[in-house]
Amino acid sequence: MPELEQALTEIAAEMAERTDRGDVATYIPQLGKVDPKKFGIAAVTNDGRVLVAGDADEPFSIQSISKVFTLTLALGNVGDALWQRVGREPSGNPFNSIVQLEHENGIPRNPFINAGAIVISDILLAGHQPREAIGEILRFIQFLADDETIIIDREVAASERATGFRNLALANYMKSFGNLNHAPDLALGVYFHHCAIAMSCRQLAVAGRFLANGGKNPATGHSVVSAERARRIGAMMLTCGHYDGSGDFAFRVGIPGKSGVGGGILAIVPGVASLAVWSPGLNANGNSRLGSIALERLAKMMNWSVFAP
Ligand code: DON
């Protein structure tokens with residue numbers, strides 16, 4: 001696949017020139033300090049190639065991308081019982097919306113909106129202290145990325161806790177419906193810390209490769225999840241991974257993706273490759289502006305789509 005390497009290089013060069021980079025998230029003050037000019041992209045193919053361009057080795061705050069890994073872990077712990085507490089429908093609302101929760105009796109629409117991810121954190125707390133649950137999530141991600149140097153950025157976690165009043169409201173509201181088993185503060189502690197994990201595009205693309213390969217690590221053949229579960233996680237990413245911008249991402253890019261307000265996106269080409277891109281400026285839906293454009297460009301150049309024959 002020599003053309004893939006060239007495509008990544010071309011895209012990184014084009015993105016470096018662009019001035020329409022969107023706005024860096026500032027509602028978590030620590031995220032507002034990131035240089036908006038950064039751009040990185042990485043591809044890990046099922047046949048074992050790791051290709052990168054731009055700032056692909058610089059760690060950034062993965063934020064909501066971590067929700068793919070906490071969902072995977074929680075499904076491993078409790079199986080399909082998880083879906084009694086979290087729905088599987090696109091929200092059609094911003095990621096931190098409260099309104100829908102009342103109509104739906106405290107059951108979040110999907111595991112990727114904040115409310116859904118807080119319930120997943122509550123599931124991962126079962127039988128653990130918050131510190132142990134956070135450690136389990138971090139170790140799982142380190143294992144998937146085959147890299148023990150991945151850390152949680154404590155300053156980002158603290159910054160988020162200090163300003164996360166809306167998440168506090170979501171957690172307390174769900175607790176009132178009986179959809180949290182632990183104190184809201186404990187579930188939020190887990191949630192804030194997994195959102196504050198810092199990874200590079202390269203690490204992220206490696207961590208996602210099991211999703212591109214039917215649930216198995218393509219390098220070792222070891223199973224992370226069943227093929228059916230990998231497909232279903234991909235379905236959640238495609239329908240819910242970009243919040244109220246999920247339809248547009250599916251229309252323009254055509255493959256499952258999960259964004260984070262740190263400006264990263266993890267995207268999966270089933271059977272082919274795991275991709276990660278990072279550009280801190282966001283579009284109106286809170287998804288990386290240039291990251292989405294870069295993936296759209298790459299999918300077109302490589303003729304990648306889950307809808308292709
Ligand atoms: O709870 C928050 O607001 C952040 N920790 C995560 C939000 C996020 O990444 C939404 N993604 N686009």
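This report walks through some helix packing, an aromatic pair and a handful of loop residues in a predicted model.

## Ground rules

Because the model is predicted, local features need pLDDT of at least 70 and side-chain atom pairs count only at pLDDT 80 or more, while totals for chains, interfaces and linings use all residues. Residues are numbered from 1 along each chain as its sequence is written, and side-chain values use heavy atoms, with hydrogens and water left out.

Helices (H or I, at least four residues) and strands (E, at least two) are DSSP runs, numbered from the N terminus. Helix axes are lines fitted to C-alpha atoms over the stretch in contact, and angles run from 0 to 180 degrees between N-to-C directions.

## H2 against H11

Let's start with helix H2 (residues 66-78) and helix H11 (residues 227-240), which pack at an angle of about 140 degrees with their axes 11 Å apart. That makes H2 oblique to H11. For the wording: angles under 35 degrees count as roughly parallel, over 145 as roughly antiparallel, 65 to 115 as roughly perpendicular and the rest as oblique. H2 passes H11 in a right-handed crossing; the label is right-handed if the near helix is turned clockwise from the far one by less than a right angle, and left-handed if anticlockwise.

On the H2 side, Val68, Leu71, Thr72, Leu75 and Gly76 meet Arg229, Ile233 and Met237 of H11, with contact meaning heavy atoms within 4.5 Å. Sorted by class, this H2 and H11 contact has 5 nonpolar, 2 polar and 1 charged residues. Here Ala, Val, Leu, Ile, Met, Phe, Trp, Tyr, Cys and Pro count as nonpolar, Asp, Glu, Lys and Arg as charged, and the others, Gly among them, as polar.

## H5 and its two partners

H2 also packs on helix H5 (residues 130-145): the axes come within 10 Å and cross at roughly 105 degrees. So H2 is roughly perpendicular to H5. In this contact, Phe69, Thr70, Thr72, Leu73 and Asn77 in H2 meet Glu136, Ile137, Phe140, Ile141 and Leu144 in H5. The class count for H2 with H5 is 6 nonpolar, 3 polar and 1 charged residues. Thr72 turns up in the contact with H11 and in the one with H5.

H5 has another partner in helix H8 (residues 184-195), at an angle of about 30 degrees and with the axes 9 Å apart. H5 and H8 are therefore roughly parallel to each other, and their crossing is right-handed. Pro130, Ala133, Ile134 and Ile137 in H5 meet Leu186, Gly189, Val190, His193 and His194 in H8. By class, the H5 and H8 contact has 6 nonpolar, 3 polar and no charged residues. Ile137 of H5 contacts H2 as well as H8.

## An aromatic pair

A search of the whole structure turns up 3 aromatic pairs. One of them joins tyrosine 173 and phenylalanine 177 in an edge-to-face arrangement, 5.2 Å centre to centre and 90 degrees between the planes. Rings of Phe, Tyr and Trp (its six-membered ring) pair if their centres lie within 6.5 Å; planes under 30 degrees apart count as stacked, over 60 as edge-to-face and the rest as tilted.

Both rings belong to partly exposed residues: tyrosine 173 has a relative accessible area of 24%, and phenylalanine 177 has 33%. Buried means under 20% relative accessible area, exposed over 50% and partly exposed in between (1.4 Å probe, protein chains only).

## The loop between S1 and S2

Valine 34 lies in the loop between S1 and S2 and is partly exposed at 30% relative accessibility. Not counting residues up to four places away in sequence, valine 34 touches Val24, Trp278 and Pro280. Its C-alpha sits 9.4 Å from that of glycine 281, although the two are 247 residues apart in sequence.

Proline 36 is in this loop too, between strand S1 (23-24) and strand S2 (40-45), and counts as partly exposed at 36%. Outside its neighbours within four places in sequence, proline 36 is in contact with Arg21, Val24 and Pro280. Val24 and Pro280 are thus touched by valine 34 and by proline 36.

## Positive phi

Asparagine 105, in the loop between helix H3 (99-103) and helix H4 (114-125), has a phi near 50 degrees, a positive value in a residue other than glycine. Asparagine 303 has a positive phi as well, near 60 degrees. Asparagine 303 is in the segment after helix H13 (289-302) and counts as exposed at 63% relative accessibility.
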